[in-house]
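Let's take a walk through a protein together, from single contacts up to the way its parts fit. Have a look at the sequence and the structure, and keep them open as you read.

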Amino acid sequence: MAQKPKVDPHVGRLGYLQALVTEFQETESQDAKEQVLANLANFAYDPGNYQYLRQLQVLDLFLDSLSEENETLVKFAIGRCCFYHATLGTFSASGTSSPDAHLHGLAEGVFARHL
């Protein structure tokens, strides 16, 4: 079983997410990368985290993970990009303006290249 991320739980949500991003970028362990990317993917389900994920450019991290050789990382990245795409579709269908409309184009590009 992979280790728990090395993050101080008292740093606040932004600090916690930043520590996860840093750990993902710096670790050599594939197991740790998988666990951290899964954790970041789970945080994306909560709309309250969107501003932090955007600030930390986590979508770019998911997009970059699409070129990894590790199939599990690619699956997490595709799943997260699908979630962004579906979320943006919900905004469009409801007539509500999307918080970041350019994500729609990015997600469609992902589908064109990887599905």
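## A charge over a ring

Start with a neat little detail: Lys33 places its charged end over the ring of Phe24, at 4.3 Å from the ring's centre. Keep in mind that what you're looking at is a predicted model.

## The overall picture

Now zoom out. The protein has six helices and zero strands, so if you follow the sequence you read the pattern α-α-α-α-α-α. Of its 115 residues, 36% are buried. The accessible surface adds up to about 6,900 Å², and carbon and sulfur atoms account for 51% of that.

How much of the contact network joins residues 24 or more positions apart? Among contacts with a separation of 6 or more, such pairs make up 57%.

## The nonpolar core

The largest nonpolar core contains 22 residues. Leu40, Val58 and Phe62 are the ones with the most contacts inside this core. Helices α1, α2, α4 (58–65) and α5 (71–94) each give two or more residues to it.

Take Leu40 and see who it meets. Setting aside neighbours within four places in sequence, Leu40 is in contact with Leu17, Leu20, Val21, Val58, Leu61 and Phe62. Val58 and Phe62 turn up in that list, and they also belong with Leu40 among the core residues with the most contacts.

## A helix tucked inside

Is helix α4 mostly enclosed or mostly open? Six of its eight residues are buried, so the rest of the structure largely encloses this helix. The buried ones are Val58, Leu59, Leu61, Phe62, Leu63 and Ser65.

Just ahead of α4 comes a residue to look at: Gln57, in the loop between α3 and α4. Most residues other than glycine have a negative phi. Gln57 is not a glycine, yet its phi is positive, at about 55°. With a relative accessibility of 52%, Gln57 counts as exposed.

## One aromatic pair

Searching the whole structure turns up one aromatic pair. The partners are Tyr16 and Phe43: their ring centres are 5.7 Å apart and their planes meet at 55°, so the pair counts as tilted. Tyr16 sits in helix α1 (residues 12–26) and Phe43 in helix α2 (residues 30–43), so the pair ties together parts that are 27 residues apart in sequence.

Neither ring's residue counts as buried here. Tyr16 is partly exposed, with a relative accessible area of 24%, and Phe43 is partly exposed too, at 21%. The cut-off for buried is under 20%.

## Two salt bridges

Side chains of opposite charge can pair when their charged atoms come close. How many salt bridges does that give here? The count is two.

In one of them, Arg13 pairs with Asp46, and their closest N and O atoms are 3.4 Å apart. This bridge links distant parts of the chain, with Arg13 in helix α1 and Asp46 in the loop between α2 and α3 (50–55), 33 residues apart. Arg13 is partly exposed, with a relative accessible area of 40%, and Asp46 is partly exposed as well, at 34%. The other bridge joins Glu71 to Lys75, with the closest N and O atoms 3.3 Å apart. Both of these residues lie in helix α5, four residues apart, which is about one turn of the helix. Glu71 and Lys75 are both exposed.

## Two buried residues to find

Look for Arg80 in helix α5. Is Arg80 buried or exposed? At 5% relative accessibility, it counts as buried. If you leave out residues up to four places away in sequence, Arg80 touches Ala41, Ala44, Tyr45 and Phe62. Arg80 and Leu63 are 17 residues apart along the chain, and their C-alpha atoms are separated by 9.3 Å.

Then find Asn49, in the loop between α2 and α3. Asn49 counts as buried, at 2% relative accessibility. Not counting residues up to four places away in sequence, Asn49 touches Arg13 and Phe43. You've met both of those partners already: Arg13 forms a salt bridge with Asp46, and Phe43 is in the aromatic pair with Tyr16.

Technical notes: Residues numbered from 1 in each chain as written. Predicted model: local features only at pLDDT ≥ 70, side-chain atom pairs only at ≥ 80, totals over all residues. Heavy atoms only, no water. Buried < 20%, exposed > 50% of the residue type's maximum accessible area, 1.4 Å probe, protein only. Contact = heavy atoms within 4.5 Å. Areas by Shrake-Rupley, 256 points an atom, 1.4 Å probe, with all protein chains shown as cover. Phe/Tyr/Trp six-rings, centres within 6.5 Å; stacked < 30°, edge-to-face > 60°. Lys NZ or Arg CZ within 6 Å of the ring centre and 35° of its normal. Core = buried A, V, L, I, M, F, W, Y, C linked by side-chain atoms within 4.5 Å. Salt bridge = Lys/Arg side-chain N within 4 Å of Asp/Glu carboxyl O.
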